[in-house]
Amino acid sequence: MSNAGVIRAGGSSRHGRAAARGRLVAWWPVAVVFCFAACGNEGAPQYQGPPADTIAAFGQCAICHTTEAGSLLAGGAALKCEVCHRELLVGRTGPGHRQIPGPEQVPAFPGPSHNAGESSVFGKCALCHNDLAITLLPLHDSLTCDTCHDDLLPGVYGSGHQSKPDEEQVPAFPGPSHNAGESSVFGKCALCHNDLAITLLPLHDSLTCDTCHDELLPGVYGPGHQSKPDEEQVPAFPGPSHNAGES
């Protein structure tokens with residue numbers, strides 16, 4: 001190829017690049033208009049303001065697990081995902097990237113939805129002890145978990161994280177199920193004084209605990225929280241067992 005041919009070819013190439021730049025400059029205002037028309041009008045998605053409540057509470061987990069995050073928001077917002085789910089594959093998502101806690105840490109789970117339903121009135125406790133929360137649901141207005149169980153290890157869950165009341169606070173417990181059975185007609189009293197509740201069961205239609213015992217320390221349980229009637233009110237009492245025998 002002659003030198004003149006090289007010069008002509010190079011000139012043609014430079015002319016092509018200049019034409020391309022001219023077309024780009026000409027189309028740029030149109031592209032800007034389309035961008036604002038698609039993303040900036042009132043009908044388009046508006047990404048502004050604070051993040052959703054679920055994302056604010058549970059972070060990135062709420063982006064993939066929206067159902068679970070929504071369920072946990074009511075009763076367990078103070079509970080973070082990593083409390084129960086230790087990350088096994090750091091930086092990865094998808095099946096198996098997080099650990100699932102066993103029954104020692106979560107004895108009674110409401111299910112994969114993480115929705116405790118009505119028992120969520122007991123807060124985060126209902127997520128691990130859902131069976132007990134359901135049993136105690138009729139008493140939730142006057143009884144909460146921390147009434148009897150102090151938090152020993154805040155932020156830690158599993159065996160021993162909550163205290164268990166002693167016999168001075170709970171003289172006669174119906175058992176680990178927290179189910180007082182028929183004696184539950186005496187309400188919260190049957191959970192600490194189950195023996196007396198069973199004894200008085202035949203009289204429950206006409207006699208309640210507060211017939212003789214006024215509440216002195218509302219929300220407090222243990223020695224002295226209820227008054228004891230004097231001799232003027234109860235002249236001849238059969239004894240602390242409340243058992244009148246054959247009489």
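The second largest pocket of this predicted model has a lining that splits by class into 20 nonpolar, 11 polar and 5 charged residues. Its volume comes to about 970 Å³. In total 36 residues line the second largest pocket, and His-129, Leu-132, His-149, Lys-164 and His-178 sit closest to its centre.

Where do those lining residues come from? Four helices give at least two residues each to the second largest pocket: H6 (125-128), H7 (130-136), H8 (145-148) and H9. H7 is the top contributor here, with 4 residues.

Now for the largest pocket. Its volume is about 1,100 Å³. The lining runs to 39 residues, and the ones nearest the centre are Leu-196, His-213, Phe-237, Pro-240 and His-242. Helices H9 (189-192), H10 (194-199) and H11 (209-212) are the elements that put two or more residues into that lining. H10 has the largest share, at 4 residues. Sorted by class, the largest pocket is lined by 22 nonpolar, 13 polar and 4 charged residues.

Here are the two linings by class:

| Pocket | Nonpolar | Polar | Charged |
|---|---|---|---|
| Largest pocket | 22 residues | 13 residues | 4 residues |
| Second largest pocket | 20 residues | 11 residues | 5 residues |

H9 turns up in both stories: this helix supplies at least two residues to the lining of the second largest pocket, and it also gives two or more to the lining of the largest pocket.

Next, the loop between H8 and H9. Leu-153 lies in this loop, and so does Pro-176. How exposed are they? Pro-176 counts as exposed because its relative accessibility is 73%, over the 50% cut-off. Leu-153 has a relative accessibility of 39%, so it counts as partly exposed; that value falls between the 20% and 50% limits.

Leu-153 also has company on the surface. Together with Leu-152 and Val-156, it makes up a nonpolar patch with about 250 Å² of accessible area in total.

Pro-176, for its part, can be placed relative to H7 (130-136) through Leu-132. The C-alpha atoms of Pro-176 and Leu-132 are 8.7 Å apart, while 44 residues separate the two along the chain. Leu-132 is one of the residues closest to the centre of the second largest pocket, which brings us back to where we started.

How values were computed: Residues are numbered from 1 along each chain as its sequence is written. This is a predicted model: local features need pLDDT of at least 70, side-chain atom pairs count only at pLDDT 80 or more; totals for chains, interfaces and linings use all residues. Side-chain values use heavy atoms; hydrogens and water are left out. On a 1 Å grid over the protein atoms alone, a cavity is a set of points where a 1.4 Å probe fits but cannot get out, and a pocket is an open set with protein on both sides within 12 Å along at least five of seven lines; lining residues have an atom within 4 Å of a point. Grid points are joined across faces, edges and corners, and a volume is the space filled by probe spheres set on the points. Ala, Val, Leu, Ile, Met, Phe, Trp, Tyr, Cys and Pro count as nonpolar, Asp, Glu, Lys and Arg as charged, and the others, Gly among them, as polar. Patches are made of residues with over 30% relative accessible area and no salt bridge: like charges are joined within 9 Å, nonpolar side chains (Val, Leu, Ile, Met, Phe, Trp, Tyr) within 5 Å. Accessible areas come from the Shrake-Rupley method with a 1.4 Å probe; for residues, only the protein chains shown count as cover. A salt bridge is a side-chain nitrogen of Lys or Arg within 4 Å of a carboxyl oxygen of Asp or Glu. Buried means under 20% relative accessible area, exposed over 50%, partly exposed in between (1.4 Å probe, protein chains only).
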